[in-house]
Amino acid sequence: SFIGPPMGKVVVVSLLFFSLLTAPAVLARPVEGKERTLVLLDDNGVRRSHATFFSLLEERGHTLTFKEAEDGDASLTSYGEYLFDNLVLFAPTAQDLRGMIDVHALVDFVDSGHNVLVAGASDLNDLTREFGAECGVEFDESGTFVMDHLNFDALDAEGDHTRVLIDQIATDATMIVGTEKYETPVVYRGVGMAIDDQNPLVTKIMWGSPTTYSFFEGQPIRTYPQSAGLETVLVAAMQARNNARVTFFGSLEMCSDVSFKAAAQRVSGIHIDKTANKQLCTELSKWTFHERGVLRHSNHLHHRVGESGIPHFYRVKDNLEYEVHIEQWTGEKWDPFVGQDVQVEFVRIDPYIRRTLNNDGASRFTTAFQVPDVNGVYKFRVDYWRPGLTRLFFEDKVIVRPFRHNEFERFIPTAFPYYAGAFSMMFGFFIFGWVYLYNRSD
């Protein structure tokens, strides 16, 4: 109101021009139909303390709906329909959850193919703990902290060294943590977790050093800690068989504005201007909310060699070709998938044939093989499952018939020994008859 109309227009145009110059060209965004996100908080203070993290989600196209866990009006469904595609569960200490979100609702949400990002804390409530157990992640006892007396932040050296510096990140899982190198450690203050190494659905993303352990702050250690050393899991990711994704942080502070901007110092005296918290939280949220690592397939076709249409059935020993198009969501658009290890199986109870598909670089995967010499009902099956990527599983059923009576070869090469045996018997009988009839003994 203090700026006149002419000056106001100049200011607005200048601000718009400046925003266009400073804005990134293209931001990663979730797959179409995955933008509605519910944020469940302990209280409104978490929204202020994690404002940068939430603003990054909004910049990438998420529509955020904020609810406090104790308000009682938070719900994931309405009349049997899900209202949200993703859930950010940043309410690790809320005890009075009066809404319609409980462990069963969270499990049903994941079973329906939706994604959840969970943050824990030392004072962990039963909702977060039980949901973690349902997903194969076990949180340490309430009141415990992850500690490390050799890898802590020297700028905050008081107490039991619960502000630890973590360098152990699963950088080989680039689809989950991103391809950019982590130059600095992550500042972590929270609870430890444990996972079953035999569980193929859960991946350990960040873990402690050999000197890390989890225990009660300020108490002497008289029993072996629940998690210690490299077994102390700090961040874990799970992808269900229906491609729903759940990521667990053991620390709510890890994604706060303070941690994003924090400086740190190693025990050796090396100063760190900026930690990798923002980089890790951003990359994990991208993966969790299907902004990366999403595959889709289309146009899976099969036909005889030299033909183009899909036949009603195949004959044994037919030569056929199989093809499928596979694309990958990169956060901006669907690009051709460049994997070289996609296989197709020709299955009748068990796989009779398994072939690696050839990738032409333009999302088209092809192979050719001969139908087995066994008639029956078969399936073309593609079951592709790799860490960080959504699972591809699809089948096409076909019928394989035997040869008709007039389709066999006139002379089968494998029967040549029998042919030779028959003609040699005839020739031998002729010689024997001639000798028997025309040979007379004196």
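In which sense do strand β1 and β5 pair, and over how many bridges? In this predicted model, β1, made up of residues 36–41, lines up with β5 in the parallel sense, and five bridges hold the pairing. One of the contacts can be pinned down by residue: L41 has F90 of β5 as its bridge partner.

Strand β5 also pairs with β6, which covers residues 115–119; here four bridges join the two strands, and they run parallel. Within this pairing, L89 sits opposite V118 of β6. As for β5 itself, the strand spans residues 86–90 and is mostly covered, with five of its five residues buried. The cover extends to both faces. On one side lie N86, V88 and F90, on the other L87 and L89, and all of them are buried. This split fits a general pattern: side chains in a regular strand alternate between the two faces of the sheet. F90, the partner of L41, thus belongs to one buried face, with N86 and V88, while L89, facing V118, shares the other with L87.

Elsewhere, five strands make up an open sheet with mixed pairing, and their order reads β19-β27-β26-β22-β23. The edges are taken by β19 (314–315) and β23 (350–356); each has a single partner strand, so one side of each goes without a neighbour in the sheet. For β23, the pairing with β22 (residues 343–348) is antiparallel and comprises six bridges. Among the residues involved, R348 has D350 in β23 as its bridge partner.

Technical notes
Residues numbered from 1 in each chain as written. Predicted model: local features only at pLDDT ≥ 70, side-chain atom pairs only at ≥ 80, totals over all residues. Heavy atoms only, no water. Pairing = 2+ DSSP bridges. Buried < 20%, exposed > 50% of the residue type's maximum accessible area, 1.4 Å probe, protein only.
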